[in-house]
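User: Please take a close look at one part of this structure and explain it to me in connected prose, as I am in my first year and would like to follow each step.

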Amino acid sequence: MRKIFDFHGGIHPPENKHQSVQRPIAFAGVPPELTIPLSQHIGAPAVPVVEVGQRVFKGQVIAQPKGLVSVPVHASSSGTVTAIEDRLVPHISGHSAPCIVIATDGKDEWLPDIGDSATPDFEHIDKPELLERIRAAGIAGMGGAGFPSAVKLAVKPGVQIETLILNGTECEPYITADDVLMRERAAQIIGGARILRHIINPQETLLGIEDNKPEALAAMRAAVADTDLQVVEFPTKYPSGGEKQLIEILTGKQVPSGGLPSDVGIVCQNMGSAAAIYDAIVLGRPLISRITTVTGDAVREPRNFEVLIGTPMRYLLQQAGYEAGKNNRLIMGGPMMGFTVPDHAVPVVKTTNCLLAPTEAELPTPPPAQACIRCGLCAQACPASLLPQQMFWFAQGKEFDKLEEHNLFDCIECGACSYVCPSNIPLVQYYRASKAEILKLRRDHEKSEHSRLRFEARQERLERAEREKEEKRAARKQAAEAKAREASSAGSGEQDPIAAAIERAKAKKAAQSAGEDSSSELEKLEKAVVSTRKRLDTALAKLREAKDQGADHIDALQAGVDKTQAKLRAAEEALNAYQLANASTNGQNDAGAEQPTSDDSAPSAAQAAIERALAAREAEAALPPQERARANLEKLQQRLASSRAKLAQSRDAGEAEKVIEALESSVERLTEKIAAAKQQLQDLESA
Amino acid sequence: MALMRITSPHAHGPMSTQRVMQNVLLATVPGIVVLTHFFGFGTLVNILWGSVVALACEALALKLRGRDVGFYLKDCSALVTAFLLCIALPPYAPWWLIAVGIASSILLAKHFYGGLGYNPFNPAMVGYVVLLISFPLQMTQWAPPRGVGEVPGLLEALQACFMPASYDAVTMATPLDVLRQNNSLLLEDLWKETAQFGRWAGIGWEWVNIAFLAGGAWLLYQRIFTWHAPVAMLASLALLAALFYDGGSSASGGSPLFHLLSGATMFGAFFIVTDPVTSAVSLRGRLIYGALIGVLIYTIRVRGNYPDAVAFAVLIMNFAAPFIDHYTQPRTYGHKRGEHKP
């Protein structure tokens with residue numbers, strides 16, 4: 001006898017399963033219209049590949065998967081596509097979503113080549129091919145969440161799965177879909193289990209079934225008689241069927257918070273999914289129907305139906321003798337975790353395990369909530385060992401950090417706490433709302449963090465560009481100065497007038513107005529320190545916030561803070577060093593500033609002239625020699641022209657002889673120079 | 001008919017706050033019967049008058065706070081407070097004493113803090129302590145038990161309550177008082193010489209405690225609360241009593257059995273310490289909470305100035321409950337122990 005473990009908490013609500021197991025599974029029939037949602041699974045919706053007006057066969061692909069976590073959708077019966085549009089779908093939010101609507105022709109005609117890929121000897125097919133076929137059959141977890149089975153079975157390479165668990169717990173009250181499936185189609189399930197075992201190659205395969213299903217247990221035990229699959233019976237308790245709870249019951253292991261069962265070497269599958277996998281591989285048929293329990297006091301003949309996917313709930317309910325007048329709410333799923341559907345026209349989907357149509361007496365409208373008396377019954381019932389009453393307190397006060405500290409996100413929303421609450425507080429509703437709000441805040445935070453990083457990167461880029469420009473300018477200036485100095489020292493007689501001017505200006509500047517420059521330098525350094533400190537403060541605040549929220553990017557933020565701190569230190573050091581070095585010169589400058597300066601504008605004018613000359617020279621230097629020679633020639637010719645004009649003017653005006661002579665000589669010199677320049681240009685051109 | 005749209009779960013268990021409160025009221029019955037048997041109708045009159053005042057105070061507070069009076073009165077929490085305080089008060093207490101106590105409980109300790117579920121301190125014990133500090137004389141007058149003195153009848157009880165001036169009270173020190181003031185006699189001799197001692201503790205008190213124990217056990221069976229806090233309290237009280245029993249010398253603090261069956265021990269353990277609103281929440285937290293109350297009860301009884309200590313011990317630990325909760329958060333599924341850093 002295998003050791004069975006217990007999990008914390010749990011409740012024993014009235015089971016109400018007997019009503020729907022009195023009759024065998026019946027085929028619900030082909031409804032006049034099928035509404036097949038494109039998204040019946042977790043992941044990206046499928047993309048339609050049929051057109052309005054097109055005739056489709058039963059089992060034909062009408063929408064292809066989009067992306068990895070997605071499955072195709074098949075036509076559940078033959079007929080004509082009449083619309084591809086948004087219709088109400090069974091979803092907790094009660095929203096509309098894209099559906100393919102098929103008007104059935106009643107022939108229920110299979111696609112001609114269906115079953116061609118049937119392979120009873122699946123052992124010869126390799127694993128990726130099997131997974132692809134499971135995906136192509138449109139199989140998504142049929143227990144409730146609807147996670148694509150192929151994705152769940154594609155265990156990461158290198159991970160050894162010890163235990164494959166088939167979940168036949170069905171712990172929710174009222175639901176008996178898996179129960180009757182196990183009773184009537186045990187061989188099909190075991191066939192599926194063998195395929196699953198072949199795919200993931202576990203050391204053991206366990207079929208977990210609660211002890212309130214003796215007929216199912218007997219049928220399954222008989223079916224596994226000659227195999228190494230084990231049927232494990234364990235005491236009935238809600239929510240044993242939760243994946244995490246079932247894993248703990250059967251193996252004593254707990255799935256790490258935020259992790260997957262495969263992290264502890266376990267893969268779980270639903271009984272219905274196993275049967276569907278058998279159909280897909282061995283019979284080559286896609287998932288187009290499922291077993292759905294129709295029960296509650298508002299139906300006369302509660303029972304299980306084999307229902308075509310896309311059948312409107314109204315049609316299905318009618319098959320069970322639905323009395324609309326007695327029904328106050330229509331629930332898809334069970335009374336603990338099921339959700340109400342907004343309309344009877346909503347279709348049955350791959351995850352519809354139950355349609356519960358209770359009367360008001362059966363499931364009364366919840367009375368108004370009373371105050372929480374902190375009785376702790378919820379904490380005793382919680383299968384995740386949370387403290388629901390504390391979380392309720394924090395949820396009311398919107399203390400989201402406290403909620404996360406109390407592991408709100410480990411809540412599986414099983415409803416056990418709300419069930420036992422003597423004050424009728426809708427606890428799960430509070431947790432759902434809080435989770436949604438926290439997720440929204442996280443998204444917003446991420447967004448703002450993203451834009452902050454972008455802004456800072458931009459600022460840094462601009463600063464860097466500015467700095468580089470500044471450096472280049474300084475380097476150019478230095479090079480020019482060095483050249484000038486070289487020229488002045490080398491050519492002793494031929495003193496470069498520009499270099500000389502620079503030297504003069506420099507000397508003047510050093511003597512006179514070093515103070516102005518240094519003060520701006522000081523300001524810059526001070527500003528750097530202040531802004532760095534400010535950045536450090538915001539970075540620290542952000543880090544603290546992130547730590548409180550337990551965000552993921554704490555490391556990155558920490559690194560940022562460290563860097564900013566280092567920068568601040570560097571900036572402060574630079575400032576200090578500067579202040580020390582300038583302590584003496586500042587005094588001098590202050591004294592010098594008091595002296596009246598007669599030629600206040602002169603240095604700046606000279607400076608400007610120098611700058612212009614330097615720029616001109618640089619521009620000249622940048623040109624190729626030929627061009628330079630040509631430019632030179634042009635300039636000389638201009639100068640000659642202006643000199644001649646001046647000479648003519650002077651002669652007309654009858655100026656002094658001396659002046660006229662000087663002008664004449666300059667004209668002569670220029671003519672000579674032009675001749676030389678012409679010669680040079682010719683030489684260059686001929687070379 | 002339009003379909004109702006509400007979120008899961010759709011099923012609800014049979015338990016309601018009203019039923020919890022009614023069960024608690026029912027569980028006090030054996031204790032009240034035994035109290036009445038040994039000390040006369042004083043406690044019953046207390047409870048009747050106290051309940052009237054409590055319902056009036058509750059209705060007034062709800063009205064002032066703009067709440068639905070009928071809806072909230074039905075939760076029976078005011079009645080529970082009245083029962084608990086009136087059981088703790090000495091029988092034959094004057095009407096005004098009871099009224100002041102109840103008003104302190106309902107208005108001061110409960111509604112000033114936001115009503116049911118929001119009060120950090122046990123309302124009944126706040127009322128008790130207000131009275132004990134304000135009217136120490138009236139609060140320490142206990143009637144002699146049947147078999148030791150004359151037990152007054154119903155008329156006399158009514159007279160004591162509503163015409164206190166014309167009532168001549170007969171009072172006697174409680175066994176806890178006698179023991180506390182003893183510093184010369186061996187316990188054996190004290191037992192022989194003092195009329196109000198019975199087999200293990202005071203005459204009458206033994207049975208009163210056993211009756212409250214029975215009521216508490218029934219509540220445990222009904223799963224109204226868990227065993228953790230009361231058992232921890234009784235265990236730590238008995239342990240300390242055993243440690244300092246001293247073989248029954250004149251300096252002895254009294255035997256474990258004496259402490260378990262004296263004063264408000266069982267009443268406190270099953271009806272006061274278990275108050276969910278003001279106690280620690282997690283099971284580990286409740287163990288600590290109960291055990292520390294036991295320690296405080298013993299310390300105050302033996303070393304303190306007041307003969308019984310449940311009220312003070314409970315109020316002090318009410319202060320500590322949120323702190324205990326903070327450090328005893330249970331390990332959540334899928335998390336490692338000690339992973340949560342408070």
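Analyst: L154(B) counts as partly exposed, because 13 C-beta neighbours lie inside 10 Å of it, whereas a residue is called buried if 20 or more other C-beta atoms lie within that distance. This residue belongs to helix α9 of chain B, which covers residues 154-162. In this predicted model, L154(B) is 22 residues from L176(B) in sequence, while the distance between their C-alpha atoms is 27 Å.

Helix α15 of chain B, residues 265-272, offers a contrast to that partly exposed position, since eight of its eight residues are buried, so the helix is largely enclosed by the rest of the structure. Its buried residues include M266(B), F267(B), F270(B) and F271(B), and also G268(B) and T265(B).

From here we can turn to the interior. The largest nonpolar core has 138 residues, and the members that touch the most others are V420(A), M125(B) and V314(B). Helix α5 of chain B, residues 77-88, gives this core its largest share, namely ten residues. A separate core of 96 residues also exists, with I134(A), A177(A), I266(A) and V349(A) among its members. In soluble globular proteins, nonpolar side chains tend to be buried together.

Because α5(B) contributes so much to the core, its partners deserve a careful look. Two packed helices are described by the angle between their axes and the distance between the axes. For α5(B) and helix α6 of chain B, residues 95-110, the angle is about 135 degrees and the axes are 10 Å apart, which means that α5(B) is oblique to α6(B). Their crossing is right-handed, and the residues that meet are A78(B), T81(B), A82(B), L85(B) and C86(B) from α5(B) with I98(B), G101(B), I102(B), S105(B) and I106(B) from α6(B). Sorted by class, this contact holds seven nonpolar, three polar and no charged residues.

The other partner of α5(B) considered here is helix α7 of chain B, residues 123-134, whose axis comes within 8 Å of that of α5(B) and crosses it at roughly 35 degrees. This crossing is right-handed, and it joins T81(B), L84(B), L85(B) and A88(B) of α5(B) to P123(B), A124(B), G127(B) and Y128(B) of α7(B). Six of the contact residues are nonpolar, two are polar and none is charged.

A further pair in chain B is formed by helix α1, residues 17-27, and helix α12, residues 205-221, which pack at an angle of about 155 degrees with their axes 9 Å apart. That angle is why α1(B) is described as roughly antiparallel to α12(B). The crossing is right-handed, and the contact brings N23(B), V24(B) and A27(B) of α1(B) together with G215(B), G216(B), W218(B) and L219(B) of α12(B). Here four residues are nonpolar, three are polar and none is charged.

Finally, the core leads us across to chain A, for V420(A) touches I11(A), L377(A), C378(A) and A381(A), as well as G13(B) and M15(B), when residues up to four places away in sequence are not counted. The contact between the chains takes 54 residues from chain A and 32 residues from chain B. On the chain A side, elements that each supply at least two residues include α9 (377-381), α10 (388-396) and α12 (416-420). By class, that side is made of 29 nonpolar, 20 polar and five charged residues.

Technical notes. Residues are numbered from 1 along each chain as its sequence is written. Chains are lettered from A and ligands numbered from 1 in the order in which they are written. This is a predicted model: local features need pLDDT of at least 70, side-chain atom pairs count only at pLDDT 80 or more; totals for chains, interfaces and linings use all residues. A nonpolar core is a set of buried Ala, Val, Leu, Ile, Met, Phe, Trp, Tyr and Cys residues joined through C-beta atoms within 7 Å. A residue is buried if 20 or more other C-beta atoms lie within 10 Å of its own, exposed if 12 or fewer, and partly exposed in between; C-beta atoms are placed from the backbone. Helices (H or I, at least four residues) and strands (E, at least two) are DSSP runs, numbered from the N terminus. Two residues are in contact if their C-beta atoms, placed from the backbone, lie within 7 Å. Axes are lines fitted to C-alpha atoms, for helices over the stretch in contact, and angles run from 0 to 180 degrees between N-to-C directions. Angles under 35 degrees count as roughly parallel, over 145 as roughly antiparallel, 65 to 115 as roughly perpendicular and the rest as oblique. A crossing is left-handed if the near helix is turned anticlockwise from the far one by less than a right angle, and right-handed if clockwise. Ala, Val, Leu, Ile, Met, Phe, Trp, Tyr, Cys and Pro count as nonpolar, Asp, Glu, Lys and Arg as charged, and the others, Gly among them, as polar.
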